[in-house]
Amino acid sequence: MKGDLVFDFTNLTEDAVGEHGISDKLLNSLYEVAYNVHLDLKKRREAGEYIYRDLPYIRVDSILKYEETVKNKYENFVNVGIGGSALGAQALVMALCHPFQNLLKQNGMRMFFADNIDPDFLSGMFDIAEPKKTLFNIITKSGSTAETMGTFLLVKDMLEKLVGQRWREHVVITTDAEKGDLRKIADNENIASFVVPGGVGGRFSVFTPVGLLPAACAGIDIKELLKGAAAMDKRLESADVMDNPAYLFSMYQYLLDKEKGKRISVMMPYSSGLYGLADWFRQIWAESLGKKYNLDNSVVNAGPTPVKAIGVTDQHSQVQLYVEGPFDKVFTIMAVESFKNELPMEPAYKGTSSLDYLGGRTMAELIKAERLGTIYALTKNNRPNMTITFPEVTPYTVGGFIYMLEVATVFSGGLYNINPLDQPGVEAGKVAAFALMGRSGYEEKASEIDTGLINRDKYIK
Ligand code: PA5
């Protein structure tokens, strides 16, 4: 349908890239497993286990009402959160706001993402986003992540020194309805707050206040975003796994990893705005599918490695490797059919061959030619690649894209026979940080880390 994403799987096939691609026979051999995964996911969705699938239909009135009250009050919005509490909102802002919204100061607040805790980076951010003119959204589902809680302390202290008791007006909290220290703080301090619905993991929370509140404050039409996700939900209802783009995406990626040794999955948008979505994909794919144990408790150390690249810039950095290096990658190219600006190049210096063919054409035509050129080079060199085309980059198409990949991720979990919704490796890192910073209750872990460290003297020069 016009306005919908188009998925072109052609260049993943054996017909296009020979032995490095997937034959119909191989794809069909996965049919039964895939169909059973579909039935299992359907049953779980009906049993209310997959809340993320209901999110396109959530009500956003309270978010929009809150945004109305703050939009003319603050110049800046600082998103204090990490991982799933940052990447979705960041991707939305990159894709759907003016590329220089923070300099332009139009259509929504200036947006900042305080995810990394590099003290120089944070200090620099606070120099630019003056706390007095800023709304800080503290986002943590668990209500305890060290990076976010630590930044909250910085923010509270700064604000208190500047505006005294009114610091609370500069803060909005997004966290679990009941669990975690941040919920207690929000309730006790009477700070405005939003809820991350139970059962929705960070990286699946774009369509909750985690992603929607920052998006609304950035001036993005969040109703259209959800409309796109809901339309994609309908599109993905098909039980025919060969007709369902999310399932097909998973099946090809899975077979290319397991049967063809393509352990690296590169997502490469030919659009600066869509680069944040490749970054978001990197998290959902890595954190969901990278698992030590399968569902039968056997050690499998599963998981493809997602990588982001950007066209055209990385044609002059990565593409040499992609075209001629090891046969260990599959590529997802993201294309934009219609950019907001065509940007015509006015002819000049007639008779100059390096300019004549460009004059009179548009930058939109050039980026398209560069994209098709890369696809040609990849395919000719037998590198499996597919293209997802955005007719236009709008809240509707971006909503559909995110939702499609959420479904594809959980479906892939079924194919790999792992749990895509947990992240024990991330939790282990969080616990180690608590222990190393002396949080009470983590003393045993602290001594385990201490005694577990090898003698490094020999290796440090
Ligand atoms: O997807 C996930 O669950 C993680 O990436 C989390 O979002 C991340 O670790 C931050 O967790 P929290 O929101 O609890 O602070």
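A polar contact is a pair of N or O atoms within 3.5 Å. With that cut-off in hand, the ligand site can be read contact by contact; the structure is a predicted model. A polar side-chain atom of Glu 287 is placed 2.8 Å from an oxygen atom of the ligand. Thr 145 also contributes a polar side-chain atom, at 2.5 Å from an oxygen atom of the ligand. Arg 203 takes part through its backbone, where an N or O atom lies 2.9 Å from an oxygen atom of the ligand. On its own the ligand would expose 380 Å², and the protein buries 93% of that area. Two elements give two or more residues to the surrounding shell, namely helix H13 (275–289) and helix H18 (424–436).

The shell as a whole can now be described. There are 15 residues around the ligand, and those that come nearest are Ser 85, Thr 140, Ser 142, Thr 145 and Gln 283. Sorted by class, the shell holds nine polar, four charged and two nonpolar residues.

Helix H18 deserves a separate look. Its 13 residues, at 1.5 Å a residue, should span 18 Å, and the C-alpha atoms at its ends are indeed 18 Å apart, so expectation and model agree. Just after H18, Gly 438 adopts a positive phi of about 80 degrees.

Attention next turns to Lys 291, which belongs to strand E8 (residues 291–293). The relative accessible area of Lys 291 is 7%; because buried means under 20%, Lys 291 is classed as buried. Which backbone oxygens lie 2.7 Å and 2.8 Å from a polar atom of the Lys 291 side chain? The oxygen of Asn 419 is at 2.7 Å, and that of Asp 422 is at 2.8 Å. Beyond the residues up to four places away in sequence, Lys 291 touches Arg 203, Val 300, Asn 301, Ala 302, Ile 418, Asn 419, Pro 420, Asp 422 and Pro 424. Arg 203, one of these partners, is the residue whose backbone N or O atom lies 2.9 Å from a ligand oxygen.

A further buried position is Leu 41, in helix H3 (residues 31–46). Leu 41 has a relative accessible area of 7% and is therefore buried. Apart from neighbours within four places in sequence, Leu 41 is in contact with Tyr 50, Val 410 and Phe 411. Leu 41 and Thr 175 are separated by 134 residues in sequence, and their C-alpha atoms are 27 Å apart in space.

Key:
Residues are numbered from 1 along each chain as its sequence is written. This is a predicted model: local features need pLDDT of at least 70, side-chain atom pairs count only at pLDDT 80 or more; totals for chains, interfaces and linings use all residues. Side-chain values use heavy atoms; hydrogens and water are left out. A residue is near a molecule or strand if one of its heavy atoms lies within 4 Å of it. A polar contact is a pair of N or O atoms within 3.5 Å; within protein, one must be able to donate a hydrogen and the other to accept it, and residues adjacent in sequence count only if both atoms are side-chain atoms. Accessible areas come from the Shrake-Rupley method with a 1.4 Å probe; for residues, only the protein chains shown count as cover. Helices (H or I, at least four residues) and strands (E, at least two) are DSSP runs, numbered from the N terminus. Ala, Val, Leu, Ile, Met, Phe, Trp, Tyr, Cys and Pro count as nonpolar, Asp, Glu, Lys and Arg as charged, and the others, Gly among them, as polar. Buried means under 20% relative accessible area, exposed over 50%, partly exposed in between (1.4 Å probe, protein chains only). Contact means heavy atoms within 4.5 Å. The expected span of a helix is 1.5 Å times one less than its number of residues.
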